[in-house]
Amino acid sequence: MRIDIISIFPDFFEGPFSHSILKRAQEKKLVEIHIHDLRPYSTNKQKSVDDYQYGGGSGMVMNIQPIDDCISKLKEEREYDEIIYLTPDSPTLNQNTCNNLSISKNLIMLCGHYKGIDQRIRDQFITMEVSIGDYVLTGGELASAVLTDSIVRLIPGAISDETSALSDSFQDELLSHPIYTRPSDYKGWKVPEVLLSGNPILIEKWREEKAIEKTKNTRPDLLQ
Ligand code: 6GU
């Protein structure tokens with residue numbers, strides 16, 4: 001998989017993609033992540049990438065030209081499965097969308113800033129719009145890092161224990177059951193007896209009950 005991220009803060013991504021599973025997935029060549037600084041694409045003298053809003057109103061709008069040139073150049077080089085714009089005024093990301101995107105070959109993610117991008121970019125280029133939740137971030141960078149993480153971990157081989165991605169919360173519409181590790185007794189706080197029983201049938205039954213109980217209490221909407 002190849003992911004091209006377009007941003008006016010390219011340095012932002014030095015952190016999120018250089019650790020743990022995302023780092024290893026790149027080392028194993030399961031994914032190539034390319035960050036594109038939008039500013040050099042601007043053809044005006046000040047290299048500006050935003051301007052005032054037609055019709056008035058507070059907040060700047062990202063210009064068409066630098067984004068057009070950047071996306072057009074990328075599209076000349078390869079075909080993209082999706083050109084994604086990260087913005088809060090979009091459908092909310094869920095596990096199903098992550099699963100679908102995880103089988104893509106090439107993806108572009110465009111990070112919005114200020115009030116947003118010129119609508120004509122959305123009309124002409126964007127094939128998919130994603131929000132990561134009902135709250136507002138200062139820009140699309142964090143959102144694209146979240147989206148990238150959620151997709152890359154699903155690429156076969158990215159997680160050493162593949163069954164672990166399958167038993168994630170949300171993969172089967174249930175939240176995860178509680179988990180424990182050693183010691184079995186810490187300051188008198190004990191691990192549930194059944195997990196020490198060695199009986200896989202009882203353990204599976206307990207985990208399912210706990211997952212349902214957890215989902216009922218925390219996210220009843222998932223059980224609808
Ligand atoms: Cl994708 N962008 C911004 N700026 N804020 C958000 C978001 C995206 N998703 C939720 N909040």
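This passage describes the overall form, the salt bridges, the backbone and selected side-chain surroundings of a predicted protein model.

The protein contains seven helices and 10 strands. Its 224 residues are divided into domain 1, which covers 2-152, and domain 2, which covers 167-223. The centres of domain 1 and domain 2, taken over C-alpha atoms, are separated by 37 Å. Along the principal axes, the C-alpha trace spans about 70 × 40 × 35 Å. The radius of gyration of the protein is 22 Å, whereas a compact globule of 224 residues would have a value near 17 Å.

The accessible surface amounts to about 13,500 Å², and carbon and sulfur atoms contribute 52% of this area. Of the 224 residues, 39% count as buried. Among contacts with a separation of 6 or more, 75% are made by residues 24 or more positions apart.

A count of 11 salt bridges was obtained for the model. One of these joins Arg 2 to Asp 4, with the closest N and O atoms 2.8 Å apart. Both partners of this pair lie below the 20% limit for burial: Arg 2 is buried at a relative accessible area of 13%, and Asp 4 is buried at 0%.

Another salt bridge is formed by the side chains of Asp 89 and Arg 122, with an N to O distance of 3.2 Å. This pair links distant parts of the chain, its members being 33 residues apart. Asp 89 is placed in the loop between β5 (82-86) and α3 (95-101), while Arg 122 belongs to helix α4 (residues 119-124). Arg 122 is buried, its relative accessible area being 14%.

A further salt bridge, between the side chains of Lys 210 and Glu 213, has an N to O distance of 3.8 Å. Lys 210 and Glu 213 are both located in helix α7 (residues 200-218), and because they are three residues apart in this helix, about one helical turn separates them. Lys 210 is partly exposed, with a relative accessible area of 26%. Glu 213 is likewise partly exposed, with a value of 42%. Elsewhere, Arg 2, Asp 4 and Glu 32 are joined into one network by salt bridges that share partners.

The backbone also shows local features of note. Most peptide bonds are trans, and most residues other than glycine have a negative phi. The peptide bond from Arg 182 to Pro 183, however, is cis, with omega near 0°. Pro 183 is situated in the loop between α6 (162-166) and β9 (185-186).

A positive phi of about 50° is found at Ser 20, although this residue is not a glycine. Ser 20 is part of helix α1 (residues 20-27). With a relative accessible area of 48%, Ser 20 is partly exposed. Lys 187, also not a glycine, has a positive phi of about 50°. The position of Lys 187 is in the loop between β9 and β10 (189-190). At a relative accessible area of 63%, Lys 187 is exposed, since the limit for this class is over 50%.

Helix α5 provides both a buried residue and a contributor to a surface patch. Ser 144 lies in this helix and is buried, with a relative accessible area of 0%. When neighbours within four places in sequence are left aside, Ser 144 is in contact with Ile 5, Phe 13, Leu 86, Met 109 and Cys 111.

Leu 142 also lies in helix α5, which comprises residues 140-152. In contrast to the buried Ser 144, Leu 142 is partly exposed, with a relative accessible area of 45%. Leu 142 can be counted in a surface patch because its 45% accessibility exceeds the required 30%. Together with Phe 9, Phe 12, Tyr 135 and Leu 137, Leu 142 makes a nonpolar surface patch of about 450 Å².

Terms used:
Residues numbered from 1 in each chain as written. Predicted model: local features only at pLDDT ≥ 70, side-chain atom pairs only at ≥ 80, totals over all residues. Heavy atoms only, no water. Patch = residues over 30% accessible without salt bridge, like charges linked within 9 Å, V, L, I, M, F, W, Y side chains within 5 Å. Areas by Shrake-Rupley, 256 points an atom, 1.4 Å probe, with all protein chains shown as cover. Salt bridge = Lys/Arg side-chain N within 4 Å of Asp/Glu carboxyl O. Helix = DSSP H or I, 4+ residues; strand = E, 2+ residues; numbered from the N terminus. Buried < 20%, exposed > 50% of the residue type's maximum accessible area, 1.4 Å probe, protein only. Rg over C-alpha atoms; globule rule 2.2 N^0.38 Å. Contact = heavy atoms within 4.5 Å. Domains from an automatic or database assignment.
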